[in-house]
Amino acid sequence: GQFAAGTTIVIIVLFNAILGAVQEHGAGAALDALAALQVTNATAIRNGVEEIVEGPNVVPGDVVLIGTGDSAVADIRLTESKDLESNEASLTGEGEPVKKTTV
């Protein structure tokens, strides 16, 4: 009686631990795949030449060109813009785009 109940509980606990580990691994792999899809490129002018740069590689001094539908890949300072608006809903919760101006 007690031995069978104890064995059953141990088997259930082990099964639960294995199932949890498998699910955790799957969730981690899914997050890694999503992160790989999130790499954003920027069009930057470096040494007078326009080139495509991965977002994490944008450095101070790069002149970043932003067009309609582009994402700002870094904390940038605007030097020139025309009718620029930014959707900051994911940062601030504001539902409407925010007008941006140069400094």
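## Working through a predicted fold

At 83% relative accessibility, Asn-47 counts as exposed. Keep in mind that the model is predicted. Grab the structure and let's work through some exercises.

### Exercise 1: The backbone at Asn-47

Work out where Asn-47 sits and what is notable about its phi.

*Step 1.* Start with the location: Asn-47 belongs to the loop between strand 1 and strand 2.

*Step 2.* Look at the hairpin those strands make. Two residues lie between strand 1 and strand 2, and Asn-47 has its positive phi there.

*Step 3.* Put a value on that angle. Phi of Asn-47 is near 55°, and Asn-47 is not a glycine.

*Step 4.* Now set that against the usual picture. Most residues other than glycine have a negative phi. Asn-47, with its positive phi, goes against that trend.

*Step 5.* Check for a second case. Asp-83 also isn't a glycine, and its phi is positive too, at about 55°. You'll find Asp-83 in the loop between strand 3 and strand 4 (85–86). With 64% relative accessibility, over the 50% cut-off, Asp-83 counts as exposed.

### Exercise 2: Putting the sheet together

Find the order of the three strands in the open sheet, and say whether the pairing is parallel or antiparallel.

*Step 1.* Trace the strands across the sheet: the order is 2-1-3, and the pairing is antiparallel.

*Step 2.* Pick out the edges. Strand 2 (49–54) and strand 3 (63–65) each have a single partner strand, so one side of each has no neighbour in the sheet.

*Step 3.* Add the twist, which averages 40° from one strand to the next.

*Step 4.* Count the bridges. Strand 1 (residues 41–46) is joined to strand 2 by six bridges, and to strand 3 by three.

*Step 5.* Use Thr-43 as a marker for both pairings. Opposite Thr-43 in strand 2 is Ile-52, while its bridge partner in strand 3 is Leu-65. As another check on the register, Ala-44 has Glu-51 as its bridge partner in strand 2.

*Step 6.* Remember what holds such an arrangement together: strands of a sheet pair through backbone hydrogen bonds.

### Exercise 3: What Asp-62 touches

Decide whether Asp-62 is buried or exposed, then list what its side chain reaches.

*Step 1.* Place the residue: Asp-62 is in the loop between strand 2 and strand 3.

*Step 2.* Apply the cut-off. Buried means under 20% relative accessible area, and Asp-62 comes in at 16%, so it counts as buried.

*Step 3.* Look for backbone partners. The Asp-62 side chain reaches the backbone nitrogen of Val-59 at 3.0 Å.

*Step 4.* Look for side-chain partners. Asp-62 and Arg-46 are joined by a polar contact of 2.8 Å between their side chains.

*Step 5.* Ask whether that contact has another label. A salt bridge needs a side-chain nitrogen of Lys or Arg within 4 Å of a carboxyl oxygen of Asp or Glu. Asp-62 and Arg-46 do form one, at 2.8 Å from N to O. The pair ties together distant parts of the chain, with Arg-46 in strand 1 and Asp-62 16 residues away.

*Step 6.* Check the partner's exposure: at 23% relative accessibility, Arg-46 counts as partly exposed.

### Exercise 4: The other salt bridges

The structure holds three salt bridges. Track down the partners of Lys-99 and Lys-100.

*Step 1.* Take Lys-99. Its partner is Asp-83, and the closest N and O atoms are 3.9 Å apart. Here too the pair links distant parts of the chain, 16 residues apart, with Lys-99 in strand 5 (residues 98–99).

*Step 2.* Move on to Lys-100, whose side chain meets that of Glu-88 at 2.5 Å, N to O. Lys-100 is in the segment after strand 5, and Glu-88 is 12 residues away in the loop between strand 4 and helix 2 (89–92).

*Step 3.* Compare the accessibilities. Lys-100 counts as partly exposed at 28%, whereas Glu-88 is buried at 14%.

### Exercise 5: Leucines on the surface

Identify the residues that make the nonpolar surface patch of about 360 Å².

*Step 1.* Name the members: Leu-31, Leu-34 and Leu-37 make the patch.

*Step 2.* Locate one of them. Leu-31 lies in helix 1 (residues 2–37).

*Step 3.* Check its exposure: Leu-31 has 58% relative accessibility, so it counts as exposed.

Key: Residues are numbered from 1 along each chain as its sequence is written. This is a predicted model: local features need pLDDT of at least 70, side-chain atom pairs count only at pLDDT 80 or more; totals for chains, interfaces and linings use all residues. Side-chain values use heavy atoms; hydrogens and water are left out. Two strands pair if DSSP finds at least two bridges between them. Helices (H or I, at least four residues) and strands (E, at least two) are DSSP runs, numbered from the N terminus. Axes are lines fitted to C-alpha atoms, for helices over the stretch in contact, and angles run from 0 to 180 degrees between N-to-C directions. Patches are made of residues with over 30% relative accessible area and no salt bridge: like charges are joined within 9 Å, nonpolar side chains (Val, Leu, Ile, Met, Phe, Trp, Tyr) within 5 Å. Accessible areas come from the Shrake-Rupley method with a 1.4 Å probe; for residues, only the protein chains shown count as cover. Buried means under 20% relative accessible area, exposed over 50%, partly exposed in between (1.4 Å probe, protein chains only). A polar contact is a pair of N or O atoms within 3.5 Å; within protein, one must be able to donate a hydrogen and the other to accept it, and residues adjacent in sequence count only if both atoms are side-chain atoms.
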